[in-house]
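Biologist: Got a minute? I'd like to talk through how the two chains sit together in this one.

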There are 2 protein chains.
Amino acid sequence: MNIVLTDLEGVLVPEIWINVAERTGIEELRLTTRDISDYDVLMKKRLGILDDNNLKIQDIQDVISTIDPMEGAVEFLDWLRSETQVIVVSDTFDYFAGPLMKKLKMPTLFCNYLILEENGRVADYRLRQQDGKRHVTLAMKAINFKVVAMGDSYNDVTMLKEADAGILFRPPENVIEEFPQFPVTTQYSEIKAEIQKALERLNREA
Amino acid sequence: MNIVLTDLEGVLVPEIWINVAERTGIEELRLTTRDISDYDVLMKKRLGILDDNNLKIQDIQDVISTIDPMEGAVEFLDWLRSETQVIVVSDTFDYFAGPLMKKLKMPTLFCNYLILEENGRVADYRLRQQDGKRHVTLAMKAINFKVVAMGDSYNDVTMLKEADAGILFRPPENVIEEFPQFPVTTQYSEIKAEIQKALERLNREA
């Protein structure tokens, strides 16, 4: 009775904003929370940049449609969904993720939301809730799932900590140093092995 | 920020035990909670019948592999997954559902579990939790989803009541009479329209 919660960007697909920046040539869209630490200020800035460049949701989706899942991600996710239940838990936005979810064969996605105007202008955004990844973990535990969580960075750590097993995939060095309790994997074959080990342990404990 | 929780048997695929009874010719497997009201007694009886007929999990899965989703179910579910997030919430068992989930293109499934022996004998079963369908609804509401739930019968009613919108699909007459608060649909085109209406209402209220 277990479930795997997996991050999206950096784990199954490349970072979306960085790719949109590269493919549109709008360098300012590369800004991250490393540059502007207040997420709300950062997001308002990003939406302002979209307006300044007259980019509507259709334009951004067209750009995102040209992004492909990471090499091996589709096969990995196929395997994972044949082994156990899976939910993709992401800080990205519904309309951004859409084209990528199709390429991943439509796994269930829990994410955040964009507020659109009729003409496709991105007017605002909504978080489903604060610290959403951790709360999804708690909700799965509340319905008696044992939870394996995987992610690549800081925004995944509260989820990994709350899970019955947390695994890092291609994390930056500072995350590895700060959270030595989580196994570190860099290849899909490695994370498959870690997930199998975790599921076997959780099944034994059940 | 909404999600649809949908029952499996009677809504997307035919009743599994009844089909196994038909296709194996073992009439006793047709027994339902209408015949034996205590679910645990019924399940123990069913597992005993499997033993008596030397049916292992592989045999049952072979039989279940010959069952197809209801006509129009795959297209309906494709549409639903393109509109919103979906979780199939079922009282069936993981190993029984497997072959059918492939035919439904691997939606996320929250269900119950079989305990297998090494040789494939079905030794026992486990419910993930009592009144599991209602608890899944509560868990989704706890992470700020508005929930639309759909099902066909008594075992779906606590889920439909707990949801922000509940819809019946091809229910028996007594369920229609006992729970007049839920819209009744018999075609996928009808339930699509009811779901769209519910999602629009919930989005307006958000």
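Biologist: So how many residues does each chain put into the contact?
Modeller: This is a predicted model, and in it chain B brings 27 residues and chain A brings 27.

Biologist: Which residues of chain B lose the most area there?
Modeller: M1(B), R128(B) and I143(B), which together make up 30% of what the chain B side buries.

Biologist: And how much area is buried between chain B and chain A?
Modeller: About 2,100 Å², with 63% of it on carbon and sulfur atoms.

Biologist: OK, polar side now. How many salt bridges between chain B and chain A?
Modeller: The count is 0. For polar contacts, there are 11 residue pairs between chain B and chain A, counting pairs with both residues at pLDDT 80 or more.

Biologist: Which elements of chain B supply at least two residues each to the side touching chain A?
Modeller: β1 (2–6), α4 (73–83), β2 (85–93), β3 (108–116) and α6 (132–142). The largest share comes from α6(B), with 5 residues.

Biologist: How do the residues on that side divide into nonpolar, polar and charged?
Modeller: On the chain B side it's 16 nonpolar, 7 polar and 4 charged.

Biologist: Switching to symmetry: what rotation superposes chain B on chain A?
Modeller: One of 180°, with 0.0 Å of shift along the axis and an RMSD of 0.0 Å. That's the relation of a two-fold axis.

Biologist: Which residue of chain B comes closest to the rotation axis?
Modeller: A139(B), with its C-alpha at 2.6 Å.

Biologist: Do the copies meet through the same surface or different ones, and why?
Modeller: The same surface, because 100% of the interface residues of chain B are also interface residues in chain A.

Conventions:
Residues numbered from 1 in each chain as written. Chains lettered and ligands numbered in written order. Predicted model: local features only at pLDDT ≥ 70, side-chain atom pairs only at ≥ 80, totals over all residues. Heavy atoms only, no water. Least-squares fit on C-alpha atoms with pLDDT ≥ 70 in both. Contact = heavy atoms within 4.5 Å. Buried area = accessible area lost by both parts, 1.4 Å probe. Salt bridge = Lys/Arg side-chain N within 4 Å of Asp/Glu carboxyl O. Polar contact = N/O pair within 3.5 Å; in protein donor to acceptor, adjacent residues only side chain to side chain. Helix = DSSP H or I, 4+ residues; strand = E, 2+ residues; numbered from the N terminus. Nonpolar A, V, L, I, M, F, W, Y, C, P; charged D, E, K, R; others polar.
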